[in-house]
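Pull up the model and give it a slow turn before reading on. We'll go from the overall fold to a few individual residues.

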Amino acid sequence: MAKDAIKMSGKIVKKFSTKDYEVLLENGLTIRAFTSGKMTLHNIGMLPGDEVDVELSPYDMTKGRIIYRHK
């Protein structure tokens, strides 16, 4: 985890491919996010409606990385 990354919660709205998703954040913004390396490595699948934690860069708030899927 980068030390300047912003961590937020959200809900998956749309699935583009096995790695790309559209996520609605808790503050109302919609971003494009991809899965982190460990999630891809362990084949953790996600569907629209799943609650996730996302890391955002403070330099580009339109893209993020999904780091955790809540059960």
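What follows is a walk through this structure, starting with how it was made and how it is counted.

You're looking at a predicted model, so to speak of local features a pLDDT of at least 70 is needed, side-chain atom pairs count only at pLDDT 80 or more, and totals for chains, interfaces and linings use all residues. Residues are numbered from 1 along each chain as its sequence is written, and side-chain values use heavy atoms, with hydrogens and water left out.

Let's begin with the fold. The protein chain has one helix and five strands, and along the sequence they come in the order β-β-β-α-β-β. Here helices (H or I, at least four residues) and strands (E, at least two) are DSSP runs, numbered from the N terminus. Along the principal axes, the C-alpha atoms fit a box of roughly 30 × 25 × 20 Å. The radius of gyration of the protein chain is 11 Å, which agrees with the value near 11 Å for a compact globule of 71 residues. That radius is taken over C-alpha atoms, and the globule rule is 2.2 Å times the number of residues to the power 0.38.

Now for the contacts, meaning heavy atoms within 4.5 Å. Among those between residues at least 6 apart in sequence, 48% join residues at least 24 apart. As for burial, 28% of the 71 residues are buried. Buried means under 20% relative accessible area, exposed over 50%, and partly exposed in between (1.4 Å probe, protein chains only).

What sits inside? In soluble globular proteins, nonpolar side chains tend to be buried together. A nonpolar core, as used here, is a set of buried Ala, Val, Leu, Ile, Met, Phe, Trp, Tyr and Cys residues joined through side-chain atoms within 4.5 Å. The largest one has 13 residues, of which Val-23, Leu-25, Ile-31, Met-46, Val-52, Val-54 and Ile-66 touch the most other members. Strand S1 (6-15), strand S2 (20-25), strand S3 (30-35) and S4 each give two or more residues to this core.

Take two of those core residues. Leu-25 lies in strand S2 and counts as buried because its relative accessibility is 4%. Leaving out residues up to four places away in sequence, Leu-25 touches Met-8, Ser-9, Gly-10, Ile-31, Val-54 and Leu-56. With the same sequence cut-off, Met-46 touches Ile-12, Lys-15, Tyr-21, Thr-35, Met-39, Val-52, Ile-66 and Arg-69.

Over in strand S3 you'll find Ala-33, which is buried at a relative accessible area of 1%. The C-alpha atoms of Ala-33 and Arg-65 are separated by 5.2 Å, although the two are 32 residues apart along the chain. Beyond four places in sequence, the residues that Ala-33 touches include Gly-64 and Ile-66.

Arg-65 turns up again at Glu-55, a residue of strand S4 (residues 51-56). Glu-55 is charged to look at on paper, but where does Glu-55 sit, buried or exposed? Glu-55 is buried, since its relative accessible area is 7%. Its side chain makes a polar contact with the side chain of Arg-65 at 2.5 Å. A polar contact is a pair of N or O atoms within 3.5 Å; within protein, one must be able to donate a hydrogen and the other to accept it, and residues adjacent in sequence count only if both atoms are side-chain atoms.

Ser-9, in strand S1, gives another example. The Ser-9 side chain makes a polar contact with the side chain of Asp-53 at 3.2 Å. Ser-9 counts as partly exposed because its relative accessibility is 28%.

What about the rings? The structure holds zero aromatic pairs, a pair being rings of Phe, Tyr and Trp (its six-membered ring) with centres within 6.5 Å, where planes under 30 degrees apart count as stacked, over 60 as edge-to-face and the rest as tilted. There is a charge over a ring, though: the charged end of Arg-32 sits over the ring of Phe-16, 3.9 Å from its centre. The cut-offs for this are NZ of Lys or CZ of Arg within 6 Å of the ring centre and within 35 degrees of the ring normal.

Finally, look at Asn-43, in the loop between helix H1 (37-41) and S4. Most residues other than glycine have a negative phi. Asn-43 has a positive phi, near 55°, and counts as exposed at 67% relative accessibility.
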